[in-house]
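Please read these notes with the model open beside you. They are written for someone new to reading structures.

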Amino acid sequence: MTDLLAARSQMAMSLGFHIVFAVIGIGMPLLMVIAERRWQVTRDAHYLELARRWAKGTAILFAVGAVSGTVLSFELGLLWPGFMEFAGPIIGMPFSLEGFAFFMEAIFLGIYLYGWDRISERAHLVAGIMVAASGALSGVFVVIANAWMNAPTGFTLVNGVATGIDPIAALGTPAAFPQTLHMTLAAYAATGFGAAGIHAAMLLRQRANAFHLRGLRVALLMAIPAALLQPISGHHSAGFVAESQPAKFAAMESLFTTQARAPLLIGGWPDPERGEVRYGVELPGALSFLATNDFNATITGLDQVPRDEWPNVRVTHLAFQVMVGLGMFMIVAALLSLVAMLRQDDLGERPLLLKLLVLASPMGFLATEAGWVVTEVGRQPWVIQGVLRTADAVTPMPGLVVPFLGFTLLYIFLAVAVVWLLRRQILGAPDAVDWRRRHAPLVATTRHE
Amino acid sequence: MSDLPLVELTSAACLAAITAYVLFGGADFGGGVWDLLATGPRAKAQRALIADTISPIWEANHVWLILVVVILFTGFPSAYARISVSLHIPLTLMLVGVVLRGSAFTFRSYDRRDDDVQRRWGMVFAVASLVTPVLLGLAAGTVAGGGVTAPGRRSFTEAYVLPWLAPFPLAIGVLTLLLFAFLAAVYLTVEARDVDLAGDFRRRALWSGGALLPVAAVALWLARDAAPWIFTELVEAAWAPVLHLLTASAASIALLALWQRQYRVARTAAATQTALIVSGWGLAQWPWLLPPTLSAYDAAAPTATLALLVGALTIGAVVLFPALGYLFAIFGRAASGEQRTANSEGPTTP
C-alpha cells in the first residue's frame, strides 16, 4: 500500500465513520424537539419518554461524533498539509463558522440533556431548538467547504499560487447550494428512516405499543418530506455536476463517449479499459434530461477527459447506482407511509409496511455513504477540482499505513461499542432508577402523573 | 479594516483560545486524572463528583481545541501545515487519546451503574485523560523549542521522532499534565458538596500546585539550551519581571487560599495563574510561531482572510459568551446561588 493510498483510505474511513454520527447529530435533535413539543401540547407522557430516550441516544452518538470530528479537523493537516496550506486562507471561513455552530450545539445539548429539572419547560424546548438549528448549520458550513473543493472560487491561480484571495467569494461557490440542500435532506431522511425502522421493528413484536406508535409517527413526519424532496434536489445537483465537473458526471453514469440524447444507465459494470459497459439497462435520452432538462442535449463523455484525469469509473458508477437505488426505495417507503398516515390507518396493523420500514432503516445512511463516495472518488485525481492534485497534497511523512490501520481498529472498536451500548441501553429494558436519577424532570413527572 | 493590526489580533485570538482550552478543557482532563487516582474511603464519591461536574460541559469545553486548529489553518496556514507534518506522530497519538477519553466517558455515563463494563470504560477514560495532556504539552513544547522544521533529507527518526522525544518537550508535557490536574482539583473543591470531599481535593490541589513549581523550574532551566529565544525573553524582556511577579502572586494566593479553605478565591487565583503562564509563553515566543524560522508575519494569510477571520471571531464571541455564561450559570454550583461554608453539609438555598 502506497502512502498516498493509505492517506486516502484513512481519510475515507474517518469521514465514512464520522458522517453517520454527524447525520444523526443533525436529525435526532429535531426528533427530540418535535416529541417534546408534542408532550407540552398534548401532555401525553409517551412523548416525554420518547424525547428522553431519543435524547439519551443522541448524547451517546453526539459524543462519538464530536471526537471523530476533532480527528478530522486534525487529519486535514496531518494527511493533507499541502491542501490546507493552499486552501486554509480561502475556505477557513466556513470552518470558523462551523466551529461556532458546533460550540452552540455542544453548549445547548449539555443544557438539554442535563437541564430537565434546572430550567423552565419553555427554556428547555428552546435549548432543544438551538441544538437542532446549530447542528443543521454546522453541517451546512462543513459541506460548503467541501463544495468549494468541487467548484473552487474566490482566488486567482498564478504559477500555482493563489492570489487575490476573496473568502466571501469562496463561500459563495456555486456548488454550495446544491450540495448543502442535498446533504441536509439526506441527514433528515437517514435519521428519520433510521428511527422509524427501529420503532417499526418493535411494533412488529407488540402491535399496540402506544410508545412505539408515536415514535414511528414522529420519525416518519421527518423522513417523508425529506425523502420526497430529495429527488428534486438530486436532479438539481446532477445538473450542476454535469456542468461543473463533467468527468465526475461521466464516471457516475459510465459515459465513455460524448453523445447527444445520452442514455441513463441503470446498473451495469463498466470496463474503463475497453470503454464499455456490460449488463446495464439504458433509458435513451434520460441522462441528457437529468443533466439539462433536454432529452436531446449533448453530454460530455470520458473521451473528452485526459486519461490521467479520469476518476475510478467503476467505484464512482457503482456508488451512484447504489445511492439512487436506495433513494428510490426510500421514496416508495415514504409514499406508502404517507398514504397510510393520510388514511389514518393504525400503523401497528400494517405488518407489511412495518417490514418495509425496517428494511429502509439503514438505507439513508448507506445512501449518504454512497453519495460521499460519488463526490470524493468522482473528483479524483483532484483534491481541489482542476487546481491541486491529491497526490501533491499528501504529507511527506512515510509509513502512513500504520495510522490508517490504527484508526481503523479504533473505529471498529468504537462502532461495536456504540451498537452494543445502544442495544443494551435504548432497546433493552431501561434501568428506570438510573434513568430518572439522570434525566427525569422531577417536577414534570409528578405534575403529569 | 486594513489599518487594524490583524496579525497581532489573530495571534492574540489564537492564544486566547489556547488559554480557554487549558482553563476549561484542560480541567476536564485533570478530572480524569483524579478519577484514576481516586483513593481513600471516599474514592467512589470523588469519582461521582468528577463525573457530575464535567458531564454537561466537557463537549463545549472541548470545542476550544477545534477553534485553535481553525484559527491556525485559516490565519497561519503554513505554520499549521508544518506543525502537522513534523508532529504527525504525537498529534496522532493525542487524537487517539481525545477519542478514547470522550467516548469512554460518555459510554460510562450512559451505561448501567456498578458493573465490570462500566469500570473498564472508567479505566479507559482515566488513562486517556492522563496521557493526552502529556502529548498536548509535548506538541506545544516541540513548537516552542524550535522542533518544527522541514523534514528535508533527514532520516525518519531525525525528522519525525527526535524533535519531540527530547527533554524540553517532555518537561512541558509533564508541566501541562500537572497544571491540568491542579486546575481540576481546585475547581472540584468548589464543586464538592461536603467538607470531607472538598478536603480530599484540597489536598490534591496543594500537592499538584506545589509540584508545579519545581517542574516549571526544570522546564525553564531546560529552555536555556532548548528554547533560548524564549528563555532570553523570559529573563531579559521589560515585561518579564511584571509577569513573574503577577504569576508568583497568583500562585501564592492560590496555595494560601487553599490552605485557608477559601476555595473560590483559590479558584480565581489558580485560573489567573494558569492564564498568566500561557500568556507568558505566548509573549516570550512572539513574534515567532515556529521559532526560530517562521514568524507570525511570515506565516500570516492574506489581509482579506485575516480581516474576515477577526470579524468572524468577534461576532462569534458575541454569540458564544452569553451562551457559555448560560451553560455555566445552570450547572456551576458557585453561580447557582448555592452557598457552602466550611461547616455546612450539602446545599442550602438562599
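The points below go from the fold of one chain to a helix pair, a hairpin and the contact between chains.

1. Status of the model. This is a predicted model. Please keep that in mind when reading every value below.

2. Make-up of chain B. Chain B contains 14 helices and two strands. Buried residues account for 55% of its 350 residues.

3. Overall dimensions. Along its principal axes, the C-alpha trace of chain B spans about 60 × 45 × 40 Å. The radius of gyration of chain B is 21 Å, and a compact globule of 350 residues would have one near 20 Å, so the two values agree.

4. Contacts along the sequence. Take the contacts in chain B between residues at least 6 apart in sequence. Of these, 78% join residues that are at least 24 apart.

5. A helix pair in chain B. Helix H1 (residues 6-36) of chain B packs against helix H2 (residues 43-54) of chain B. Their axes are 9 Å apart and make an angle of about 165°. Angles over 145 degrees count as roughly antiparallel, and H1(B) and H2(B) are therefore roughly antiparallel to each other. Their crossing is left-handed.

6. Residues between these helices. Which residues of H1(B) meet H2(B)? They are B:Asp28, B:Gly31, B:Trp34 and B:Asp35. On the H2(B) side, the residues they meet are B:Gln46, B:Arg47, B:Ile50, B:Thr53 and B:Ile54.

7. A strand pair in chain A. Strand E4 (residues 264-271) of chain A and strand E5 (residues 276-283) of chain A run antiparallel and are joined by seven bridges. Two pairs are useful for finding the register: A:Ile266 stands opposite A:Val281 in E5(A), and A:Asp271 stands opposite A:Glu276 in E5(A).

8. The turn. E4(A) and E5(A) form a hairpin, with four residues between them. In the turn, A:Gly275 has a positive phi of about 70°. For the strands themselves, a general point helps when looking at side chains. In a regular strand, side chains alternate between the two faces of the sheet.

9. Contact between the chains. How many residues of chain B are in contact with chain A? There are 53, and they are in contact with 54 residues of chain A. On the side of chain B that touches chain A, at least two residues each come from helix H3 (58-75), helix H4 (77-86), helix H5 (88-110), helix H7 (156-160) and helix H14 (303-331) of chain B. H14(B) supplies the largest share of that side, 13 residues.

Conventions. Residues numbered from 1 in each chain as written. Chains lettered and ligands numbered in written order. Predicted model: local features only at pLDDT ≥ 70, side-chain atom pairs only at ≥ 80, totals over all residues. Rg over C-alpha atoms; globule rule 2.2 N^0.38 Å. Buried ≥ 20, exposed ≤ 12 C-beta atoms within 10 Å, placed from the backbone. Contact = placed C-beta atoms within 7 Å. Pairing = 2+ DSSP bridges. Axes fitted to C-alpha atoms, helices over the stretch in contact; angles between N-to-C directions. Parallel < 35°, antiparallel > 145°, perpendicular 65-115°, else oblique. Left-handed = near helix turned anticlockwise from the far one by under 90°.
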